[in-house]
Amino acid sequence: MKKSPYILGLALATATTLSATPAIAKSKLNVLCSTDTDWCSLMETRFEAETGIDVSLIRKSSGESYAQLRAEAKNPKIDIWWGGTGDPHLQAAAEKLTQVYKPKALSELRDWAQNQAKVSGYRTVGIYAGALGFGYNEDLLNAKGLAAPQCWKDLAKPMYKGEVQIANPNSSGTSYTALATFVQMFGEEQAFDFQAQLHQNINQYTKSGSAPIKAASNGETAIGITFIHDIVKQVEKGYPVKAVAPCEGTGYEVGSMSIVKGARHLKEAKMWAEFALRPDIQSLAEEAKAYQVPSNKAAKTPSGAPDFDTLKLIDYNFAKYGSAETRQHLLQRWDAEIKPLPR
């Protein structure tokens with residue numbers, strides 16, 4: 001049978017239209033996450049469900065994340081870096097690895113979060129805060145007949161030889177915060193003298209900042225130096241650990257978020273930034289057993305989170321210790337003078 005010219009024309013037109021219609025690509029977003037895995041996963045799942053955007057998330061410590069952004073500066077593969085201590089975020093900002101962005105919610109944030117943005121030239125912003133401290137396994141100390149430490153200087157006493165863990169400050173933002181805290185509290189020379197003494201009691205320098213308190217919870221070490229909110233997480237899980245806010249005072253972090261310069265999915269990165277600063281989203285932290293203080297004033301602070309009003313916090317100089325020059329100096333000195341010491 002012969003087909004009519006009308007039918008042939010219609011079929012041709014339909015085929016042409018179909019072939020000319022491009023496939024609708026699903027939006028994507030590449031996220032580098034430096035909080036605990038549970039919180040990273042919760043954020044990824046919630047953002048995908050709300051937006052339909054396909055998120056590819058990698059979890060790395062703050063120091064490792066900063067190193068990745070530097071390595072990929074000419075060909076960025078990450079769109080947004082969420083979480084982790086603020087110092088590496090400030091260093092990335094100083095090196096123009098991240099880009100200027102002022103979130104709509106900026107005015108809703110606590111002063112320390114807004115200050116983080118201002119200091120960075122609005123290349124990063126605070127999303128939570130956490131105070132530094134240490135935790136100890138009560139059962140383990142009792143079994144060994146050791147008194148519970150209450151001060152930073154206690155940790156350097158010979159009685160705790162082989163009983164302490166802390167992360168390596170090159171890979172861990174938590175540990176770099178500790179290094180910068182000691183320098184600001186004691187002065188640089190005394191801080192390095194203290195760390196040389198502390199080194200004699202260290203059984204392992206971990207890669208991750210939260211690993212020492214996890215080891216203390218499992219009885220692998222007696223004492224772990226980390227952020228207090230990471231200790232609270234282990235307490236809430238039922239482990240026999242106690243959190244200590246050191247008697248001399250302590251430093252703190254402003255966990256931050258930065259959009260990467262040259263982000264391939266800029267629109268989606270900005271969507272994540274606005275999403276992450278919403279009070280309802282920040283209030284989800286407790287679901288992930290994250291006990292940091294949220295940056296949005298309207299967000300619910302998790303029960304058990306450290307009360308900043310009752311802690312003896314130093315006036316942490318984020319601008320200075322978040323600079324690449326200061327970081328490089330302190331890390332090089334730590335590598336030269338502390339790391340090679342025998343234990």
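**View 1. How the bonded cysteines pair up along the chain.** Count the bonded cysteines of the chain in sequence order, and the pairing reads 1-2, 3-4. This is a predicted model, and its count comes to 2 disulfides. The views below take them in turn.

**View 2. The disulfide of Cys 33 and Cys 40.** Here the sulfur atoms of Cys 33 and Cys 40 sit 2.0 Å apart, forming a disulfide. Look along the S-S bond of this pair: its torsion is about -90 degrees, so the disulfide is left-handed.

**View 3. The surroundings of Cys 33 and Cys 40.** Are these two cysteines buried or exposed? Cys 33 has a relative accessible area of 0%, so it is buried. Cys 40 comes to 1% relative accessibility and counts as buried too.

**View 4. The disulfide of Cys 151 and Cys 247.** In this link, the two sulfur atoms are 1.9 Å apart. The angle about the S-S bond of Cys 151 and Cys 247 is 120 degrees, and the link is right-handed. Cys 151 belongs to the loop between α6 (138-144) and β5 (164-167), while Cys 247 belongs to the loop between β8 (241-244) and β9 (252-259), so the pair ties together parts that are 96 residues apart in sequence.

**View 5. The surroundings of Cys 151 and Cys 247.** How does each end of this link fare for accessibility, buried or partly exposed? Cys 151 has 16% relative accessibility and counts as buried, because buried means under 20%. Cys 247, with a relative accessible area of 40%, is partly exposed.

Methods:
Residues are numbered from 1 along each chain as its sequence is written. This is a predicted model: local features need pLDDT of at least 70, side-chain atom pairs count only at pLDDT 80 or more; totals for chains, interfaces and linings use all residues. Side-chain values use heavy atoms; hydrogens and water are left out. A disulfide is a pair of cysteine sulfur atoms within 2.5 Å. Buried means under 20% relative accessible area, exposed over 50%, partly exposed in between (1.4 Å probe, protein chains only). Helices (H or I, at least four residues) and strands (E, at least two) are DSSP runs, numbered from the N terminus.
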